[in-house]
Every structure is written in structure tokens, then in C-alpha cells.
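This report concerns two topics: the pairing of strands and the pairing of charged side chains. Please examine the sequence and the structure shown here before reading on.

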Amino acid sequence: MIELRGAGYSYGGTGLLAGLDMAFAAGSFYFLTGPSGAGKTTLLKLCYGELKPTMGDVLLDGRPSASLGRDQLAMLRRRVGVVHQDCQFLDHLSIRENVALPLTVSGQDVGAAAANLDQLLGWVGLAPRANALPPELSGGERQRAALARAIIMDPDVIIADEPTGNIDWEMSQRLLSLLAELNKLGKTVLVATHDMALIRAAKSLVSARVLRLAGGTLQAAGAEL
Ligand code: ADP
């Protein structure tokens, strides 16, 4: 669903990414690594249409993102669940309401989806915290809530930006196993991380491809894990 063809990006005049070619295979699991500032977040934003390339094309479902209108892009973005680095929530709403927000925003009946919502909260281990407010959650709980919110619309692709950046090792492992489970269900997963220990730990859970972004270009980092 996502393909880079000679894609690049510059903020202002300074080139950051250039000539990237990559087709993300449906149902595969990718890690995106590289030093801080290499452009991982920027590349993820290109992949979910938040940014449009300043060079080449990013094809979303076969069409260049630059040619898509707002409505077409919005439709495609519903098929991509994003876990942002800072995972922000509406602090006056409960975790359950925050996770349900994409349903509410897209005009779906949250009442009808209640069983699904509760099952999802259970799956990420947050059923006992469903009525808590976001500021009451630990870092690991916030990340799992953000993952639940990202997948409530049943996307084909899950993109996570440094999802384990601020959480301890045990929680990182737990989040990783949830992402691996989603991949086993057929979802394409793309995770930006500079945590090599996490990538090594993934070896026993999932067959992942590792891409390294450095010096503005993207390379496969070794064979499959
Ligand atoms: P990474 O995720 O690998 O740390 P980023 O994609 O966040 O890299 O950032 C890559 C570079 O682009 C950094 O030097 C950053 O300062 C710069 N950058 C990111 N966002 C913007 C922006 N909105 N405007 C200008 N420069 C930016």
C-alpha cells in the first residue's frame, strides 16, 4: 500500500531525505533505524501522508500522495493507524473515550462498537484502567492506550514512532509482542526505533526486516532477523 519512488524531503532549502526507493510489502514487519535526526519521523510522515514529498513520489494505494485531495487522503489515512511519539490524549476524557475517539470523529456509533472496544482494551491490558484519565497512566499504559486508539478502526497498516522511547524494558517487550501479534493477523507494521536491543528481542517473535536511514538514504540493514 505504501511505496517510495525516488522520494525525498527538504524542510525549507535543506535536503533531508533524497532518492528513497522502497515498497513496503503488505503483511510484513519493518523496523526503521538510524541516528537521531536522520529523518525517521519525517519518513513515517511521508508514509502516512502527513507530509508530501518535495522530490519523487510516495504512492499510497498506487497513487502519488501529492495528487490526492484532502478527502481522498483522509480515506486512505483511515487504513493506517499511527502511534505518535508523544501519544497525546484529551486529558478530560477517560482512556476508554480516548481510544474510542476515532470512531466518534468518523461518525460511527460507539455504543454499537462497545464490545469491540472493551475487547481491545482487554487485549492491550487496560481493561482495569478504562475509566482512568490519561494523566493517571504510566508511560507504558499510555503507549498501549495509543496503540489501542491506533487500531480501533482496524487499519491495514500500523506505524509507530519510537513507541518504546520512554518506557522500561518489560513494557517495551509487551508492546513489541502486541505489534508482533498484529502482524500475525496480517497487518503491515512499521516501527521507527533506535533501540537495537528491541530489534534483537523481536527475533523470537516475528520475521522483521530492518531498514536503516542515514545520510538521507535508506538501506536494508543486513538480512532478515
Ligand atoms: P528522527 O526521527 O530520525 O530523529 P526527524 O525526522 O524528526 O528525525 O528530523 C530530521 C531532521 O529534520 C532534524 O534535523 C530536524 O530538526 C529536522 N526537522 C524535523 N521537523 C522539522 C520541521 N518541521 N521544520 C524544520 N526542520 C525539521
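## Strand pairing

In this predicted model, strand β4, which covers residues 55–60, is joined to β5 by two bridges. The two strands run antiparallel. One residue pair can be named: L60 has R63, in β5, as its bridge partner. As general background, the strands of a sheet pair through backbone hydrogen bonds, and they may do so in a parallel or an antiparallel manner.

The pair β4 and β5 belongs to an open sheet of four strands, whose order is β2-β1-β4-β5. The pairing in this sheet is antiparallel. Strands β2 (14–24) and β5 (63–64) stand at the edges and have a single partner strand each, so one side of each has no neighbour in the sheet.

## Salt bridges and their exposure

Side chains of opposite charge can pair when their charged atoms come close. The structure holds seven salt bridges. One of them is formed by the side chains of E3 and R5, with a distance of 3.1 Å from N to O. Are these two residues buried, exposed or partly exposed? The relative accessible area of E3 is 27%, and E3 is therefore partly exposed. R5 is likewise partly exposed, with a relative accessible area of 47%. Both values lie between the limits of 20% and 50% that bound this class.

## Bridges between distant parts of the chain

A further salt bridge connects R77 with E50, and the closest N and O atoms of this pair are 3.4 Å apart. The pair links distant parts of the chain: R77 lies in helix α2 (residues 70–77), whereas E50 lies in the loop between α1 (40–47) and β4, and the two are 27 residues apart. R77 counts as partly exposed at 34% relative accessibility, and E50 counts as partly exposed at 42%.

Which elements does the salt bridge between R96 and D118 link? The side chains of R96 and D118 meet at 3.0 Å, N to O. R96 is in helix α3 (residues 95–105) and D118 is in helix α4 (residues 114–123), so this pair also links distant parts of the chain, 22 residues apart. R96 has a relative accessibility of 23% and counts as partly exposed. D118, at 37%, is also counted as partly exposed.

## A shared network

Salt bridges may also have partners in common. D61, R79 and D156 are joined into one network by salt bridges that share partners.

Key:
Residues numbered from 1 in each chain as written. Predicted model: local features only at pLDDT ≥ 70, side-chain atom pairs only at ≥ 80, totals over all residues. Heavy atoms only, no water. Pairing = 2+ DSSP bridges. Salt bridge = Lys/Arg side-chain N within 4 Å of Asp/Glu carboxyl O. Buried < 20%, exposed > 50% of the residue type's maximum accessible area, 1.4 Å probe, protein only.
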